[in-house]
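The following exercises concern a predicted model. Each task is followed by a solution in steps.

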Amino acid sequence: MEKSGIVYECMRCGSRVPSEELELRGGETKCIICGYRILKKVKPPVVKRVQSR
Ligand SMILES: [Zn+2]
């Protein structure tokens, strides 16, 4: 079972920060690259199942 899979994107530098990474750093919603505190949630890249026939 996957517990998260949420990814945040920093509004300042555009880095993508997985929520797991934030948890490892104390649970603060904060860019791990530049320290900016405004992150927006983005969907992680999902592998689409495309049925081609
Ligand atoms: Zn940043």
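**Exercise 1.** Determine whether Cys10 and Cys34 are buried, partly exposed or exposed.

*Solution.* Step 1: a residue is buried under 20% relative accessible area and exposed over 50%, and it is partly exposed in between. Step 2: Cys10 has a relative accessibility of 2%, so Cys10 counts as buried. Step 3: Cys34 has a relative accessible area of 32%, which means that Cys34 is partly exposed.

**Exercise 2.** Identify the residues that coordinate the zinc ion, and state the arrangement of the donor atoms.

*Solution.* Step 1: the SG atoms of Cys10, Cys13, Cys31 and Cys34 coordinate the zinc ion at 2.3 Å. Step 2: four donors count as tetrahedral if all angles lie between 85 and 135 degrees. Step 3: the 4 donor atoms subtend angles of 107 to 117°, and therefore the arrangement is tetrahedral. For comparison, the ideal angle for four tetrahedral donors is 109.5 degrees.

**Exercise 3.** Describe how the donor residues of the zinc ion are spaced in sequence, and which parts Cys10 and Cys34 tie together.

*Solution.* Step 1: the spacing of the donor residues is C-x2-C-x17-C-x2-C. Step 2: Cys10 belongs to strand β1 (residues 7-10), whereas Cys34 lies in the loop between α1 (19-24) and β3 (39-42), so the pair ties together parts that are 24 residues apart in sequence.

**Exercise 4.** Establish the strand order of the sheet and find which strands stand at its edges.

*Solution.* Step 1: the 3 strands form an open sheet in the order β2-β1-β3, with antiparallel pairing. Step 2: β2 (16-18) and β3 each have a single partner strand, so these two stand at the edges and one side of each lacks a neighbour in the sheet. Step 3: from one strand to the next, the twist averages 35°. Step 4: the antiparallel pairing of β1 and β2 runs over 3 bridges; Tyr8 has Val17 in β2 as its bridge partner.

How values were computed
Residues numbered from 1 in each chain as written. Predicted model: local features only at pLDDT ≥ 70, side-chain atom pairs only at ≥ 80, totals over all residues. Heavy atoms only, no water. Donors = N, O, S within 2.8 Å, 3.2 Å for Na, K, Ca; no water. Tetrahedral: all angles 85-135°; square planar, octahedral: opposite > 155°, others 65-115°. Helix = DSSP H or I, 4+ residues; strand = E, 2+ residues; numbered from the N terminus. Buried < 20%, exposed > 50% of the residue type's maximum accessible area, 1.4 Å probe, protein only. Pairing = 2+ DSSP bridges. Axes fitted to C-alpha atoms, helices over the stretch in contact; angles between N-to-C directions.
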